[in-house]
Amino acid sequence: MTLAVLLHLVLIALLLWNFAFKPDEQDKQFVDSPVKARLVTAPETPKKDASSLKKRQQKQKELEEAKKLLEQKKLEEQKQKEIEQQQLEAEKKLQQDKKLAEEKKLDDERKAAEQKKLEQQKKAEAEKKRLTEEAEKKRKAEAEKKRKAEAERKKKAEAERKRKEAERKRKELEALEESLDDELFEAAKGEVRQTQIMSEVSKIQRAIRAKIIRNWDEPVFEGSCIMRITMGPGGIVLNIEAVDGGLEYCESAETAISRSAPLPSSDDPQVMAELKSLRMTFDPSQKEN
């Protein structure tokens, strides 16, 4: 459409240009015949020349305006092209910025996904570690519970065995009372009495060892110590002597014995006579038991 307008303007300008120069030929005819002009049309010549000049000026002005219009149109078209080019470049830049933004968004999403995955892995590893530790603690607790239950069972079994043994001997003594004379009866009675004494001694010795071990701070290094304990009435500790072992181990044992005083004891003088002096070994196996 713009090209058609330009063509029309150029055509109009050419027509105006041709029309502007045709009256000049008529004027030349009058100039070439000065005498005839003066005789026939002398009074009208000045008026006709002024009109022709005015028309030429008018046409020249219109032509210049047409040229200006054409140039203005060209400038407008050039400006329009520049505007379109700027819009095209702006659109291109917008697309590039949009593409960069999309790429950045995808990169951020990828990084966020990787970070989330890493955090989930760490969380899963921590949960796995926690469950493993809990399972290990539970296993150790169950093992300790079984160990204590077994120790208690053995202790009760031993006590029951001794009770039955004492009962058996008591019944034997009762039977002897009917069949044996006084001397044999007294001998048998003494044997039963001695069994009862030793049973009580063994029971108190276990109690003494358990109490001392509870108060013993076992050294962190390997070692052992054998201690001799002299005990008086009421469980008082009369003397503590290291028989064999390392110095620090024996010092820890001595401290444990002192902390445990008074020790478990009996009101029976015969039982206390057996407990007057006893030996005790200190090593890691004592803590386990």
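Let us start with the sheet: β1 and strand β2 (residues 237-245) run antiparallel to each other and are paired over seven bridges. Two strands count as paired if DSSP finds at least two bridges between them, and the element names come from DSSP runs, with helices (H or I) of at least four residues and strands (E) of at least two, numbered from the N terminus. The model is predicted, so local features need pLDDT of at least 70 and side-chain atom pairs count only at pLDDT 80 or more, while totals for chains, interfaces and linings use all residues. Residues are numbered from 1 along each chain as its sequence is written, and side-chain values use heavy atoms, with hydrogens and water left out.

Across the β1 and β2 pairing, isoleucine 226 has aspartate 244 of β2 as its bridge partner. The hairpin of these two strands has five residues between them, and there glycine 234 takes a positive phi near 75°. For background, most residues other than glycine have a negative phi, and most peptide bonds are trans. β1 also pairs with β3 in the antiparallel sense, over six bridges, and here arginine 228 has arginine 279 of β3 as its bridge partner.

Which residues of β1 make up its covered face, and which its uncovered one? Cys225, Met227, Ile229 and Met231 belong to the covered face, whereas Ile226, Arg228 and Thr230 belong to the uncovered one. In a regular strand the side chains alternate between the two faces of the sheet.

From the strand we can move to the largest nonpolar core, which has 23 residues. A nonpolar core is a set of buried Ala, Val, Leu, Ile, Met, Phe, Trp, Tyr and Cys residues joined through side-chain atoms within 4.5 Å; buried means under 20% relative accessible area, exposed means over 50%, and partly exposed lies in between (1.4 Å probe, protein chains only). Ile208, Ile212, Met227, Leu275 and Phe282 touch the most other members of this core. At least two residues of the core come from each of α5 (182-214), β1 (225-231), α6 (247-260), α7 (269-275) and β3. The element that gives the most is α5, with six residues. In soluble globular proteins, nonpolar side chains tend to be buried together.

Leucine 275 is a good residue to select in your viewer. Leaving out residues up to four places away in sequence, leucine 275 touches Val201, Ile204, Gln205 and Met231, where contact means heavy atoms within 4.5 Å. Next comes alanine 256, which sits in helix α6 and counts as buried because its relative accessibility is 0%. Beyond its neighbours within four places in sequence, alanine 256 is in contact with Ile212, Asn215 and Trp216. Its C-alpha atom is 9.0 Å from that of lysine 211, although 45 residues separate the two along the chain. After helix α6, a cis peptide bond with omega of about -5° joins alanine 261 and proline 262, and proline 262 lies in the loop between α6 and α7.

Aspartate 283 deserves a look of its own. This residue is in the loop between β3 (277-282) and α8 (284-288). Is aspartate 283 buried or exposed? Aspartate 283 is buried, yet has no salt bridge, and the nearest side chain of opposite charge, arginine 209, is 9.3 Å away. For such charges, Lys and Arg count as positive and Asp and Glu as negative, while His and the chain ends are not counted. A salt bridge here is a side-chain nitrogen of Lys or Arg within 4 Å of a carboxyl oxygen of Asp or Glu. Outside its neighbours within four places in sequence, aspartate 283 is in contact with Trp216, Gly223, Ser224 and Tyr249.

Elsewhere, charges do meet: the whole structure has 21 salt bridges. One of them joins the side chains of glutamate 165 and arginine 168, at 2.3 Å from N to O. Both residues lie in helix α4 (residues 45-179), three residues apart, about one turn of the helix. Another joins arginine 170 to glutamate 167, with the closest N and O atoms 2.3 Å apart. Aspartate 268 forms a salt bridge with arginine 193, with the closest N and O atoms 2.4 Å apart. This pair links distant parts of the chain, 75 residues apart, with aspartate 268 in the loop between α6 and α7 and arginine 193 in helix α5. Finally, a network of salt bridges links Asp107, Arg110, Lys111 and Glu114.
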